[in-house]
Amino acid sequence: MDDTGESGSEEEEGDEEDSEPNNTLEEAATIGAGTFEGGICTPDPDNYDIDISGPGKATIEFDGAAGDLDLVVYPSGSDQGDVSSQGSGNIEEVEFTGGGVLSVVGYGGASAPYSLT
């Protein structure tokens with residue numbers, strides 16, 4: 001996660017991030033600025049409670065050949081995604097303001113390890 005102020009393949013169970021379980025909005029792991037390693041290993045998304053109060057940007061890097069991942073931001077208290085990144089490359093980015101929940105989603109049930117900044 002970045003508080004800059006600027007407006008296929010199956011994974012092994014051991015590849016899951018330390019913040020598991022975080023597969024529902026209610027189980028979201030709290031994160032702030034920094035880099036976090038994770039992996040989508042099931043059809044469920046990985047959810048992170050964003051602990052940044054102002055504008056921020058989330059960037060995810062992954063191997064698109066392994067699986068396509070997308071980002072969705074849910075504003076605090078909402079179960080409706082507000083901002084999303086649904087490209088087809090190896091990097092996805094979303095900009096947001098304030099807290100909420102960031103979901104890393106495997107497109108079409110895809111699995112892949114990732115680095116979230």
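Here is a chat about a predicted protein model, from its strands to a few of its residues.

Biologist: Hi! How many helices and strands does the protein have?

Modeller: Hello! This predicted model has 0 helices and 9 strands. From the N terminus on, the elements run β-β-β-β-β-β-β-β-β.

Biologist: And what share of the residues count as buried?

Modeller: Of the 117 residues, 42% count as buried.

Biologist: Which residues of the largest nonpolar core touch the most other members?

Modeller: That core has 20 residues, and the ones touching the most other members are Ile-60, Leu-69, Leu-102, Val-104, Tyr-114 and Leu-116. Several strands each supply at least two residues of this core, including E1 (29-31), E3 (46-50), E4 (55-62) and E5 (69-74). Strands E7 (91-97), E8 (100-106) and E9 (112-116) do so as well. In soluble globular proteins, nonpolar side chains tend to be buried together.

Biologist: Nice. What is Leu-69 in contact with, leaving aside its neighbours within four places in sequence?

Modeller: Among its contacts are Ile-40, Ile-60, Phe-62, Val-104, Ala-110 and Tyr-114. Glu-92 is also one of the residues in contact with Leu-69.

Biologist: Let's look at E7, then. Which side chains along E7 point to one face and which to the other?

Modeller: Glu-92, Val-94 and Phe-96 point to one face and are buried. Ile-91, Glu-93, Glu-95 and Thr-97 point to the other face and are not buried. In a regular strand the side chains alternate between the two faces of the sheet.

Biologist: In what sense do E4 and E7 pair?

Modeller: They pair in the antiparallel sense, over 7 bridges. As one example, Pro-55 has Thr-97 in E7 as its bridge partner.

Biologist: Changing topic: where is Ser-85 found, and is Ser-85 buried or exposed?

Modeller: Ser-85 is in strand E6. It counts as buried because its relative accessible area is 9%, and the cut-off for buried is under 20%.

Biologist: What does the side chain of Ser-85 make polar contacts with?

Modeller: One polar contact, of 2.3 Å, joins it to the side chain of Glu-92. The Ser-85 side chain also reaches the backbone oxygen of Glu-93 at 3.3 Å. Leaving aside neighbours within four places in sequence, Ser-85 is in contact with Asp-70, Leu-71, Glu-92, Glu-93 and Val-94.

Biologist: Where is Gly-87?

Modeller: Gly-87 sits in the loop between strand E6 (83-85) and E7. Its relative accessibility is 31%, so Gly-87 counts as partly exposed.

Biologist: What does Gly-87 touch, not counting residues up to four places away in sequence?

Modeller: Gly-87 touches Asp-68, Asp-70 and Glu-92. Gly-87 and Asp-68 are 19 residues apart in sequence, and their C-alpha atoms are 8.4 Å apart in space.

Biologist: Last one, Asp-46 in strand E3. Why does Asp-46 count as buried?

Modeller: Because its relative accessible area is 1%, and buried means under 20%.

Biologist: What is the nearest side chain of opposite charge to Asp-46?

Modeller: That is Lys-57, 21 Å away, and Asp-46 has no salt bridge.

Biologist: Then which side chain does the side chain of Asp-46 make a polar contact with?

Modeller: The side chain of Tyr-114, at 2.7 Å. Tyr-114 is also one of the core residues that touch the most other members. As for the backbone, the C-alpha atoms of Asp-46 and Thr-24 are separated by 7.5 Å, with the two residues 22 apart along the chain.

Notes: Residues are numbered from 1 along each chain as its sequence is written. This is a predicted model: local features need pLDDT of at least 70, side-chain atom pairs count only at pLDDT 80 or more; totals for chains, interfaces and linings use all residues. Side-chain values use heavy atoms; hydrogens and water are left out. A nonpolar core is a set of buried Ala, Val, Leu, Ile, Met, Phe, Trp, Tyr and Cys residues joined through side-chain atoms within 4.5 Å. Buried means under 20% relative accessible area, exposed over 50%, partly exposed in between (1.4 Å probe, protein chains only). Helices (H or I, at least four residues) and strands (E, at least two) are DSSP runs, numbered from the N terminus. Contact means heavy atoms within 4.5 Å. Two strands pair if DSSP finds at least two bridges between them. Lys and Arg count as positive and Asp and Glu as negative; His and the chain ends are not counted. A salt bridge is a side-chain nitrogen of Lys or Arg within 4 Å of a carboxyl oxygen of Asp or Glu. A polar contact is a pair of N or O atoms within 3.5 Å; within protein, one must be able to donate a hydrogen and the other to accept it, and residues adjacent in sequence count only if both atoms are side-chain atoms.
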